[in-house]
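This briefing covers overall shape, burial, surface and charge pairing. Please look over the sequence and the model before reading on.

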Amino acid sequence: MKSVGTSLRFGASLFAMATVAALMPTSAQAQVASPAVAAPESTAEHEQDTTEEAAANSEIVVTGSSIRGVAPVGSNLIQVGPQEIAETGGQTISQVLQTVPALTSMGTSGQGQIQGSYYQPQIHQLGSSASTTTLILIDGHRTSSGGTNHTNTDPGILPINMLERVEVLAEGASSTYGSDAVAGVVNFITRKRFDGIQLAGQAAFKDGAFGYNASVLIGKTWDDGSIIAAYSRSDLEALANTARPFTDPYHIDEGGTNFRNFNCDTATLQPNGAGNIFLNATSGQQVANSAVNSPCSAWEYGSLVPHEVRNNAMVKGIQEIGNLTVTAEMVYGVRRSDANTSRGTLTTTVFGTGAQANPFYITPAGYTGTATRQTVRWKADELLGRGAKTLSGSDSFYGDIELRYRIGDRFNLSFLALAGRDESYDRTTGTINGAVANLALNGTVYANGSLTTASLPGTNIFVTQLPLTAANALDVWNPAATNRTSAAVRTALLDNKNDLRQIHGLRQLRLVADGNLFSLPGGDVGVAIGGELLRFTLDQFKFGGNGAGPASTQSTTFQLEVVRSVKSVFGEINIPIVGPEMGVPLVDSFKVNLSGRIDNYSDFGTTSNPKAAFSWDVVPGLRFRGNVSTSFVAPPLSIIGDANGVYVNSRYETFTNNIEVPVSIYPTLPQMGIAGCTATSKTCNISSLQGLRVNTGDHDAGPQKGKGWAIGFDLAPRSMPGFKLQATLWNAKVTGAVTGPQIGFVVNTPSLAYLLNFYPGGATPAQIEQATRYIPPATPLPSVTSYILQVINSNYLNLNVQGIDANVNYDVVTNGAGTFSIGNSITYFTRFKQSYGADGVEYSVLNSTGANGVFPSVQLQGRANLGWEYEGFSSNLFMNYTGKYRNFGGSSVLPTGKDSAGNPVSGGDLVKSNFVFDLNMRYEFKSGFMADKEITLNIRNLFDKEPPFYNNASGYDGYVANPLGRVISIGLQAKF
């Protein structure tokens, strides 16, 4: 069993733990959320009032504390309240979250998945390719994860009209919540009470697409209870690539690269597979085989953002029965997403003579040599027409019941039972089957036309289609209008299916006691203690062709179930050392909070994580605060796999890479026959070698560990009503984040050298079998396997990150002219370093993207606002901005400078800073027929600014910017 040590030591072994027996916190419960900055009135008085209110009202939720009526001590709590949510003009929860600088998703489209992180927001850009560091809660509790890539949570299952506010706790919080809360927690808090009927609708217009949102909210409140039901539907049209010409992959004119290719329809032809490429069979035009000359792409057949439809419903009921309060809720969310895509491309060897001759073979006009074969590069869109799509979706449900019982005036006992389920899928339709296309071009399933390699690796099965005739062959030489491919072959080309489905399940039982233990001169000592049982399940299903023919007859099915159970105890103690009544100079209030949690996992063992925090109010309106903690992320179920680490995306495939490999770490390189590679070489380039890349999981993966601290202040002086200033310096270190290390990190890290093995003379069948056992192939084996790279998703990545979160806001109330407001919120990274393995050299990726294989590390993100409110009218202008940064990725035009370990340290393309303005206007009618009705106008990207150029195929960085342009939304809300 693996264990996460508790490196932090609190005095007397967590004074609170000794006093109240393993005091450790659970999900947030019952409290008016503390504002992001200290309130202008006396902080101590404000919190006392809040405590009394929360003790009397069990519905109120707090993020970051288990003790009802106690705001999280020493914490940086960022809120997006009802007004801020309305001002985003968002039609989905993803669009609402675009406005928070502390979240990675700021600046993205808010439509479709957030790059590699599903629909889950990430705090402070901390994460890796296979694990998150942000915990998503709804009303203080977990819900089922989803997705088909890795295990993540989609808060978009909530009806947007049920969302009351979002709270972001940007600090380690495993002492309260357990796994995932290394960077912090994003808590989506829903409405509790509503009377009447509220109808709302919104239409959104952008150049090339339309979207709408419609919702209904119904509620009834009585003396000792309430019931509320909500439904929302959003339908956002897809945006075609062609609607934004700047995304064409030809970027030479912008100073970038030509990302087009030679896969055209009709096919381009390369006689004997060498030399110049003829652009078609008849024109005689030929060009050098260089990327700069590539004339074609499938860009015009794809979608920039998908068509996305959501139907969400939620019902919540609350009933007080004496000292008992019963809360029950159910949520059901359905998401359907589709995007246009290309029919597909292929690069294949075809023969003009011999047993494998294709009857449609044409030697290109103008070719004067002798060739009996040629390499054809072809795309199928013109021959088969449009119709290929990528489809994804999910059906998500959770239901829970919570019983809260007040024991006298000082204690509460609560019990939560929850069950959740998510079924997510990804599939493609209408794309060509590569094996069928190869069979119709050269009679084998292989692009190289090999008749001596088994069609199914590891077997003696050979699948061929010979002789090729006009009835069974594929014509790639003639355009669609005169193409000679038979109807039967065209139909067979689309006998292709790729379907991936994952079913996530969650069961939770939680029992918590909290209240005031006793009183000190500074106030009541609050405590919480509890236990929790969690059960996670993941069922994985994958269906697809096996590369040996039509999917209907030659296919593979994968099915796997993974189960994890967790037992936890937790607790918290809140100690008011000094209160305002004590009259201590320069200490209006001083509180200490100690918390901790022990989790026992069925798959990797036990982890314990403590946290200590303080809040010091110097005078009313000035607070200093801080905290220190450990935290963890359990390895995602999606990569645990079976006993051999095989999971749904495990595969092996042919692999080549243009990379320099150090001879000191791999001394057999001089024996590989690489030109110029000798025993005295420092590095050797392996681009001439063919290898295998084997992707799999790690059944023995352990937890990702985090250490963090934060210190900051809140200023809201009484002498300046309406002024609030908050700043937090935070630090997070992550060890062993789960990722599949890229070859560049493997070859430069001695402790990872075991993942790459070279075989002089080629790997033997036994060596290949040993490396690929139990793992399905994605491509045929190369003719000679010179090396095998094991891409094992496990605990390799280490991060060392520091930054500042700050916001300032000033509201000025005038006599007769309304209220004016001005503010700004930023996240600024001061350090962003990473390393791989136990001995990897730490290097900085601060203010760059592309080098780390994880989320971007753009140094500055911010959102400024200028507003005016008068009677029923309000207007707010926002400026969203990201600073300039470097492209350290492989697509950079300017080369990156490397250190001795091969890590990028300089150079790379400069990506310009980005400034996008949003405008929101609202008017609420106070009387007459339109009373209680509100109209809104929201314009995102007011000046229709294109995203800064980033040298990749789409021309922009999807983690930092989006291609939507100006989006105008008009909304109406009415209450009856």
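The radius of gyration is taken over C-alpha atoms, and the globule rule is 2.2 Å times the number of residues to the power 0.38. For 976 residues that rule puts a compact globule near 30 Å, and the protein chain has 30 Å, so the two agree. Keep in mind that this is a predicted model.

**Overall shape and fold**
- The C-alpha atoms fill a box of roughly 100 × 65 × 50 Å along the principal axes.
- The protein chain holds 11 helices and 46 strands.
- Consider contacts with a separation of 6 or more: 73% of them join residues 24 or more positions apart.

**Burial and surface**
- Of the 976 residues in the protein chain, 58% are buried.
- The exposed area of the protein chain is about 36700 Å².
- Carbon and sulfur atoms supply 57% of that area.

**Charge balance**
- The protein chain carries 66 positive and 75 negative charges.
- The mean positions of these two sets are 5 Å apart.
- The structure contains 32 salt bridges.

**Salt bridge Glu167 and Arg165**
- Glu167 pairs with Arg165, and their closest N and O atoms are 2.9 Å apart.
- Both Glu167 and Arg165 are buried.

**Salt bridge Asp235 and Arg233**
- Asp235 forms a salt bridge with Arg233, with the closest N and O atoms 3.6 Å apart.
- Asp235 has a relative accessible area of 14%, so Asp235 counts as buried; the cut-off for buried is under 20%.
- Arg233 is at 25% relative accessibility and therefore counts as partly exposed.

**Salt bridge Glu300 and Lys379**
- Glu300 bridges to Lys379, the closest N and O atoms lying 3.3 Å apart.
- This pair links distant parts of the chain, with the two positions 79 residues apart in numbering.
- Glu300 sits in the loop between β12 (286-287) and β13 (303-305), while Lys379 belongs to strand β17 (residues 373-379).
- What is the burial state of each partner, Glu300 and Lys379?
- Glu300 is partly exposed, with a relative accessible area of 26%.
- Lys379 is buried, with a relative accessible area of 4%.

**A salt-bridge network**
- Asp139, Lys192, Lys316 and Glu329 are joined into one network by salt bridges that share partners.

Conventions. Residues are numbered from 1 along each chain as its sequence is written. This is a predicted model: local features need pLDDT of at least 70, side-chain atom pairs count only at pLDDT 80 or more; totals for chains, interfaces and linings use all residues. Side-chain values use heavy atoms; hydrogens and water are left out. Helices (H or I, at least four residues) and strands (E, at least two) are DSSP runs, numbered from the N terminus. Buried means under 20% relative accessible area, exposed over 50%, partly exposed in between (1.4 Å probe, protein chains only). Contact means heavy atoms within 4.5 Å. Accessible areas come from the Shrake-Rupley method with a 1.4 Å probe; for residues, only the protein chains shown count as cover. Lys and Arg count as positive and Asp and Glu as negative; His and the chain ends are not counted. The place of a charge is taken as NZ of Lys, CZ of Arg, CG of Asp or CD of Glu. A salt bridge is a side-chain nitrogen of Lys or Arg within 4 Å of a carboxyl oxygen of Asp or Glu.
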